[in-house]
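Visitor: Could you pick one spot in this model and take a close look at it for me? After that, I'd like to see how the rest of the chain is put together around the details.

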Amino acid sequence: MAVNSTQTRTRSNARTGRSPQTPATPAASARRTRPGPEAPAPLQPAPIAGSPIAGSPITGSPIAGSRPKPSASAADVVKAYLKVQVATLRSLEPKVRADEFDSVHQMRVTTRRLRATLRSFGPVIPRSATRKVAAELKWLGGLLGEARDGEVMPRHLLASLEAVPVELLIGPVQARVQGHFAPRRASAREVVIEAFDSARYAALLGDLDRLALDPPLGPQAGAPARDVLPAAVRKAYRQANRRMRRARQEPRGQARDVALHEARKSARRARYAAEAARPASGKAARKFGRQMKKVQSVIGDHQDTVIARQAARELGIGAHLAGENAFTYGLLHEQERHQAERLQGRARTVWKKASRPRHRTWMR
């Protein structure tokens, strides 16, 4: 139980913590915000309080067109969500460059929101026209994911070690954990910064600006959002439901771990689709999104135990090869395995509540 509470506090701090921000250099700021010859002006929020739309950590006055009315068309609502996410992506880049706490995670989440939107609303913005942008967002998200793991995993493991009795901490365990991840984090961060400085990233930002301002329109783009978008959320939910059922049927071990990870992706996509649909569907979409977030969070904790077990094994091998006693790393691996089993049971409970029919009446 000590491991549970400690890990929960660690993840909560990682999501809400703040650290001083170091401003980017003027030259870097100019390079990032200067549009190309054919690119539209970058989407940026104005500096006053207020969040334009659900799922955005930026502050500022609403971006033009980012507060659609409930009677708006499907295209207008989806464009509004895209505009805010693109502005959020731009606002997070200097924070990542300054190594501000949790900025890498937030930027990765934003790339996922954008990808989920492009995938979920194909009848509004054809997926055939956004395939390249989606692939580039996946590229950027992958780089940010490596950097995020380098930040989060040492904290996760060190928090788990706090629950281990001191007499079972054999050898320089904490120092090895920190030494194992420090160069990996630095390398992953360097790769992210190089990506920011690349023509590929600049092209992605330009493509995103154009997509948010003037996207290609699909057959249902002009229909009322309240008639179109709930169906897309329902589709994502049904996929999550199938994948959760499949995960329950898989035997314990790697097969179930992988199945749960896939179910989490679907729950996440359903959550972000519901976020995008909120201007048209209101409180019902918001409540459903919260239910999917709970599912996503629990399975995300489970996925962290999967990665932690892999890391504990690598650390144990390294300690053994260095002539150290690897006992504690085996103990850590076993702790993470038990935690994973508890979280699997928790995931079933949370999904059962989240999938109640009353949360989905608005999708019909």
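Guide: Let's start with His359: at 9% relative accessibility, His359 counts as buried. Buried here means under 20% relative accessible area, exposed means over 50%, and partly exposed is anything in between, using a 1.4 Å probe and protein chains only. Before going on, a word on the source: this is a predicted model, where local features need pLDDT of at least 70 and side-chain atom pairs count only at pLDDT 80 or more, while totals for chains, interfaces and linings use all residues. Residues are numbered from 1 along each chain as its sequence is written, and side-chain values use heavy atoms, with hydrogens and water left out.

Back to His359, which sits in the segment after α11 (327–354). Helices are DSSP runs of H or I with at least four residues, strands are runs of E with at least two, and both are numbered from the N terminus. If you set aside neighbours within four places in sequence, His359 touches Phe288, Gln291, Lys353 and Ala354; contact means heavy atoms within 4.5 Å.

Zooming out, the chain has 11 helices and zero strands, so to speak a plain α-α-α-α-α-α-α-α-α-α-α when read along the sequence. Of its 364 residues, 50% count as buried. Among contacts with a separation of 6 or more, 78% come from residues 24 or more positions apart. The chain exposes about 17,300 Å², and carbon and sulfur atoms supply 53% of that; those areas come from the Shrake-Rupley method with a 1.4 Å probe, and for residues only the protein chains shown count as cover.

Now for some helix packing. Two packed helices are described by the angle between their axes and the distance between the axes. Take α3 (residues 74–97) and α8 (residues 225–249): their axes come within 8 Å and cross at roughly 60 degrees. The axes are lines fitted to C-alpha atoms, for helices over the stretch in contact, with angles from 0 to 180 degrees between N-to-C directions. That crossing makes α3 oblique to α8, given that under 35 degrees is roughly parallel, over 145 roughly antiparallel, 65 to 115 roughly perpendicular and the rest oblique. Ala74, Val77 and Val78 in α3 meet Ala225, Val228 and Leu229 in α8. The residues of this α3 and α8 contact divide into six nonpolar, no polar and no charged; Ala, Val, Leu, Ile, Met, Phe, Trp, Tyr, Cys and Pro count as nonpolar, Asp, Glu, Lys and Arg as charged, and the others, Gly among them, as polar.

The loop between α3 and α4 holds Asp99 and Asp102. Asp99 has a positive phi of about 60 degrees although it is not a glycine, and Asp102 also has a positive phi, near 70 degrees. At 31% relative accessibility Asp99 counts as partly exposed, while Asp102, at 7%, counts as buried.

Past that loop, the axes of α4 (residues 103–120) and α5 (residues 127–161) come within 8 Å and cross at roughly 155 degrees, so α4 and α5 are roughly antiparallel to each other. The residues of the α4 and α5 contact divide into 10 nonpolar, five polar and seven charged.

Finally, α5 carries Lys132, which counts as exposed at 61% relative accessibility. Lys132 and Asp207 are 75 residues apart in sequence but 9.4 Å apart in space, C-alpha to C-alpha.
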